[in-house]
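Thanks for coming. I will go through one structure today, starting with its pockets and then turning to its rings and two loop positions. Please have the sequence and the model open.

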Amino acid sequence: MNECNAFSQAAMYLKIAKKGMVSMPKRQDYITWDEYFMGIALLSAHRSKDPGTQVGACIVNAQNRIMSVGYNGLPTGCSDDEFPWEQTGEDTKYPYVCHAELNAILNSGGRSLEGCKIYVALFPCSECAKAIIQCGIKEVRYLSDKYADNPIFRASKRLFDAAGVAYIQLDFDRKEITINLDASKV
């Protein structure tokens, strides 16, 4: 904040305080809705047992209420210790792992996701794109499109375009949000 802005803001607070309305201004460094929901998606990714890729997803309705979250992992009831996590070879994780987007959709408990947005770190694959379209989600917000040249992800874009699902790559000025779990800091 520059000095002129700080001075005019201070003068405004003084006028408000004299009227007895507010004695302390609100914080100015709070996170945006996009930062908040992407942060929830990224925090959810920390639940993934996948040693190679951890992805989380957060589905939000038009009132900015979280409808569901999910992360990539094995289906409920399948032991994380009894299935492979390898990315190459004869027996890989790929036929077994549910992606974060699909888990978030399935975790919604049957509530309507019509018109919702989904926040996810990686651009969705075509299987997740189909599920996103089918449940009525109308917007995908993502951080990385590192597999953009892969035909599976090109198919996702084609499906989204045909179904009218918007997809927006987010680029935040704030590159990090820290969560401190120390009770003395709360």
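**Pockets, rings and loops**

The lining of the largest pocket is made up of 15 nonpolar residues, four polar and four charged. Before I go on, note that this is a predicted model.

The volume of that largest pocket is about 570 Å³. It is lined by 23 residues, and Thr53, Tyr94, His99, Cys125 and Phe153 are the closest to its centre. Which elements give two or more residues to this lining? They are helix 3, strand 3 at 117–122, helix 4 at 126–134 and helix 5 at 151–163.

Now the second largest pocket. Its volume is about 470 Å³. There are 19 residues in the lining, and the closest to the centre are Glu35, Gly39, Leu42, Glu176 and Ile177. Helix 2, residues 33–45, gives the most to this lining, with seven residues. By type, the lining of the second largest pocket divides into 11 nonpolar, three polar and five charged residues.

Next, the aromatic rings. How many aromatic pairs does a search of the whole structure find? The search finds 10. I will take two of them.

One is the pair of tryptophan 33 and phenylalanine 37, which is stacked, with 5.4 Å from centre to centre and 15° between the planes. These two residues are four apart in helix 2, so about one helical turn separates them. Their exposure is as follows. Tryptophan 33 has a relative accessible area of 49%, which makes it partly exposed. Phenylalanine 37 has a relative accessibility of 0% and therefore counts as buried.

The other is the pair of phenylalanine 123 and phenylalanine 160. Is it stacked or edge-to-face? The ring centres are 5.9 Å apart and the planes are at 75°, so this pair is edge-to-face. The pair links distant parts of the chain, since phenylalanine 123 is in the loop between strand 3 and helix 4 while phenylalanine 160 is in helix 5, 37 residues apart. Phenylalanine 123 and phenylalanine 160 are both buried. There is also a charge at this site: the charged end of lysine 157 sits over the ring of phenylalanine 123, 4.4 Å from the ring centre.

Back at helix 2, there is a cluster to mention. Trp33, Tyr36, Phe37 and Tyr119 are linked into it by ring pairs.

Last, two loop positions. Asparagine 61 is in the loop between strand 1, at 56–60, and strand 2, at 66–71. Is asparagine 61 buried or exposed? Its relative accessibility is 14%, so it counts as buried, the cut-off for buried being under 20%. Leaving aside residues up to four places away in sequence, asparagine 61 touches Met67 and Cys116.

Threonine 76 is in the loop between strand 2 and helix 3, the latter at 100–106. With a relative accessibility of 84%, threonine 76 counts as exposed, because the cut-off for exposed is over 50%. How far apart in space are threonine 76 and cysteine 98? They are 9.9 Å apart, C-alpha to C-alpha, with their positions 22 residues apart in sequence numbering.

To recap the loops, asparagine 61 counts as buried and threonine 76 counts as exposed. That is all I have.

Note on methods:
Residues numbered from 1 in each chain as written. Predicted model: local features only at pLDDT ≥ 70, side-chain atom pairs only at ≥ 80, totals over all residues. Heavy atoms only, no water. Buried < 20%, exposed > 50% of the residue type's maximum accessible area, 1.4 Å probe, protein only. Contact = heavy atoms within 4.5 Å. 1 Å grid on protein atoms, 1.4 Å probe; cavity = no way out; pocket = protein on both sides within 12 Å on 5 of 7 lines; lining within 4 Å. Points joined across faces, edges and corners; volume = space filled by probe spheres on them. Nonpolar A, V, L, I, M, F, W, Y, C, P; charged D, E, K, R; others polar. Phe/Tyr/Trp six-rings, centres within 6.5 Å; stacked < 30°, edge-to-face > 60°. Lys NZ or Arg CZ within 6 Å of the ring centre and 35° of its normal.
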